[in-house]
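The following exercises concern one protein model. Each gives a task and then a solution in steps.

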Amino acid sequence: MKKILNLLSLVLLAALLLGLTSCDMLAGITGDTQTKDQVLSAFFRDVASENWGNMYTHIHPDNSLSSQLASGTAFSTAYGSDDYGSHLVTSQSSNTYSVSVTYGTTGSYTETFSFKEDGEDNWLILSFTVNGT
């Protein structure tokens with residue numbers, strides 16, 4: 001009986017470890033990396049879902065407003081007045097992307113995103129414009 005319990009415990013532990021390593025729960029802790037395109041897509045997924053409180057996680061700590069952005073209020077004010085439609089990277093040079101962003105009623109704007117590494121091959125947004133300004 002004791003062997004069966006030990007085996008069952010081992011199987012459950014293996015399943016738990018497999019589950020944790022296959023999800024994003026440990027991103028950043030486990031040394032996961034993200035490209036500029038991935039962080040930009042994650043940023044706009046949060047815009048689309050109005051996940052204002054999570055958006056600061058895409059911002060580099062060297063951004064002078066990073067602590068103020070953590071509350072999500074600035075993102076809600078900047079992006080919450082119109083429905084996000086889509087984004088398309090129109091040009092990129094080194095660490096700066098020009099992105100055409102379409103909103104539901106206000107139209108399209110070119111927004112600029114500058115990126116900076118936060119660890120090896122882990123990119124975050126250093127600065128950005130909203131609605132073209």
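**Exercise 1.** In which strand is Ser-114 found? Determine also whether Ser-114 is buried or exposed, and list its contacts outside the local sequence.

*Solution.* The model is a predicted one.
Step 1: Ser-114 belongs to strand β3.
Step 2: The relative accessible area of Ser-114 is 17%. Because buried means under 20%, the residue counts as buried.
Step 3: When residues up to four places away in sequence are not counted, Ser-114 touches Asn-95, Thr-96, Leu-124, Ile-125, Leu-126 and Ser-127.

**Exercise 2.** Establish the strand order of the open sheet and state which strands stand at its edges.

*Solution.* Step 1: The open sheet has four strands in the order β1-β2-β3-β4, and the pairing is antiparallel.
Step 2: β1 (84-93) and β4 are the edge strands. Each has a single partner strand, so one side of each lacks a neighbour in the sheet.
Step 3: On average, and with direction ignored, neighbouring strands are turned by 35° against each other.

**Exercise 3.** For each strand pair, give the number of bridges and describe the hairpin that connects the two strands.

*Solution.* Strands of a sheet pair through backbone hydrogen bonds, either parallel or antiparallel.
Step 1: β1 and β2 run antiparallel and are joined by eight bridges. Tyr-84 has Tyr-103 in β2 as its bridge partner, and His-87 is matched with Val-101 of β2. The hairpin of β1 and β2 has two residues between the strands, and Ser-94 takes a positive phi near 55° there.
Step 2: β2 and β3 pair in the antiparallel sense, over eight bridges. Ser-100 has Thr-110 in β3 as its bridge partner. The hairpin from β2 to β3 passes through three residues.
Step 3: The antiparallel pairing of β3 and β4 comprises five bridges. Lys-116 stands opposite Leu-124 of β4. Five residues lie between the strands in the hairpin of β3 and β4, where Gly-119 adopts a positive phi near 95°.

**Exercise 4.** How many salt bridges does the structure hold? Identify the side chains that take part, and locate them in the chain.

*Solution.* Side chains of opposite charge can pair when their charged atoms come close.
Step 1: There is one salt bridge in the structure.
Step 2: The side chains of Lys-116 and Asp-62 form it, at 2.4 Å from N to O. Since the cut-off is 4 Å, a pair of this kind qualifies.
Step 3: The pair links distant parts of the chain, with the two residues 54 residues apart. Lys-116 lies in strand β3 (residues 107-117), whereas Asp-62 lies in the loop between α2 (36-48) and α3 (66-69).
Step 4: Lys-116 has a relative accessible area of 33% and is partly exposed; Asp-62, at 46%, is also partly exposed.

**Exercise 5.** Describe the largest nonpolar core, then examine the contacts of Tyr-79.

*Solution.* Step 1: The largest nonpolar core has 22 residues. Those with the most contacts inside this core are Phe-43, Phe-44, Phe-75, Tyr-79, Phe-113 and Phe-115.
Step 2: At least two residues of the core come from each of α2, α4 (73-79), β2 (96-103), β3 and β4 (123-128). The most is given by α2, with five residues.
Step 3: With neighbours within four places in sequence left aside, the contacts of Tyr-79 include Phe-43, Phe-44, Val-47, Trp-52, Met-55 and Tyr-103. Also among them are Glu-111, Phe-113, Phe-128, Thr-129 and Val-130.

Definitions and conventions
Residues are numbered from 1 along each chain as its sequence is written. This is a predicted model: local features need pLDDT of at least 70, side-chain atom pairs count only at pLDDT 80 or more; totals for chains, interfaces and linings use all residues. Side-chain values use heavy atoms; hydrogens and water are left out. Buried means under 20% relative accessible area, exposed over 50%, partly exposed in between (1.4 Å probe, protein chains only). A nonpolar core is a set of buried Ala, Val, Leu, Ile, Met, Phe, Trp, Tyr and Cys residues joined through side-chain atoms within 4.5 Å. Contact means heavy atoms within 4.5 Å. Two strands pair if DSSP finds at least two bridges between them. Axes are lines fitted to C-alpha atoms, for helices over the stretch in contact, and angles run from 0 to 180 degrees between N-to-C directions.
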